[in-house]
Amino acid sequence: MDKKSLHILIDKYFDANTSVEEERFLLKEILQLEGKDPLADEVLAVMGYARNKPIKHRIPQIWKIAGIAAAVIAIGIGGISFISTVSDGTVNECYAYINGVRIENQTDISHLIQQQLGEISEADECMEESISNDLEDMSNALNLEML
């Protein structure tokens with residue numbers, strides 16, 4: 001198809017006067033011009049051509065956030081431990097309150113912290129899976145077998 005006829009069909013598409021067959025034909029034609037004709041690129045964008053390109057997942061970003069959170073927690077625990085060992089002779093206490101009950105056993109407190117870190121890790125995995133599923137659902141919803 002020559003460029004002039006193609007641009008006429010594109011105008012018809014933007015005026016919402018094309019049939020489904022014409023739109024399929026238009027998509028096939030402009031895919032050959034991708035990156036070569038700005039008008040063809042605009043039509044591809046309007047048609048939602050991006051759905052056929054791979055979706056960049058943000059899962060590594062989630063891992064960065066989880067890593068930063070874990071590092072902050074580790075630094076906080078390490079800092080508290082360091083401060084408690086370098087005190088000026090005052091009595092240091094390590095305790096936690098669970099449902100209004102004071103727990104002073106350091107081993108029990110360490111187990112509670114480890115349990116909470118495990119829950120954070122599980123929540124991160126669930127969130128990662130949920131995001132992956134959502135991205136897959138969006139990709140499937142946009143993938144309308146037009147060709």
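I take contact to mean heavy atoms within 4.5 Å, and I take helices (H or I, at least four residues) and strands (E, at least two) as DSSP runs numbered from the N terminus. The model is predicted, so local features need pLDDT of at least 70 and side-chain atom pairs count only at pLDDT 80 or more, while totals for chains, interfaces and linings use all residues. Residues are numbered from 1 along each chain as its sequence is written, and side-chain values use heavy atoms, with hydrogens and water left out.

**Entry: overall layout.** I looked up the elements of the protein chain and found five helices and two strands, in the sequence pattern α-α-α-α-β-β-α.

**Entry: H1 against H3.** I looked up which residues meet here, and found His-7, Ile-10, Tyr-13 and Phe-14 of H1 in contact with Leu-39, Glu-42, Val-43 and Val-46 of H3. Helix H1 covers residues 3-14 and helix H3 residues 38-46.

**Entry: the core.** I then looked up the largest nonpolar core, a set of buried (under 20% relative accessible area, 1.4 Å probe, protein chains only) Ala, Val, Leu, Ile, Met, Phe, Trp, Tyr and Cys residues joined through side-chain atoms within 4.5 Å. This core has eleven residues, among them Leu-6, Ile-10, Tyr-13, Leu-27, Val-43 and Met-47. The elements that give two or more residues to the core are H1, helix H2 (20-31) and H3, and H1 gives the most, with four.

**Entry: Tyr-13.** Leaving aside residues up to four places away in sequence, I noted that Tyr-13 touches Thr-18, Glu-23, Leu-26, Val-43, Val-46 and Met-47.

Conventions: Axes are lines fitted to C-alpha atoms, for helices over the stretch in contact, and angles run from 0 to 180 degrees between N-to-C directions. Buried means under 20% relative accessible area, exposed over 50%, partly exposed in between (1.4 Å probe, protein chains only).
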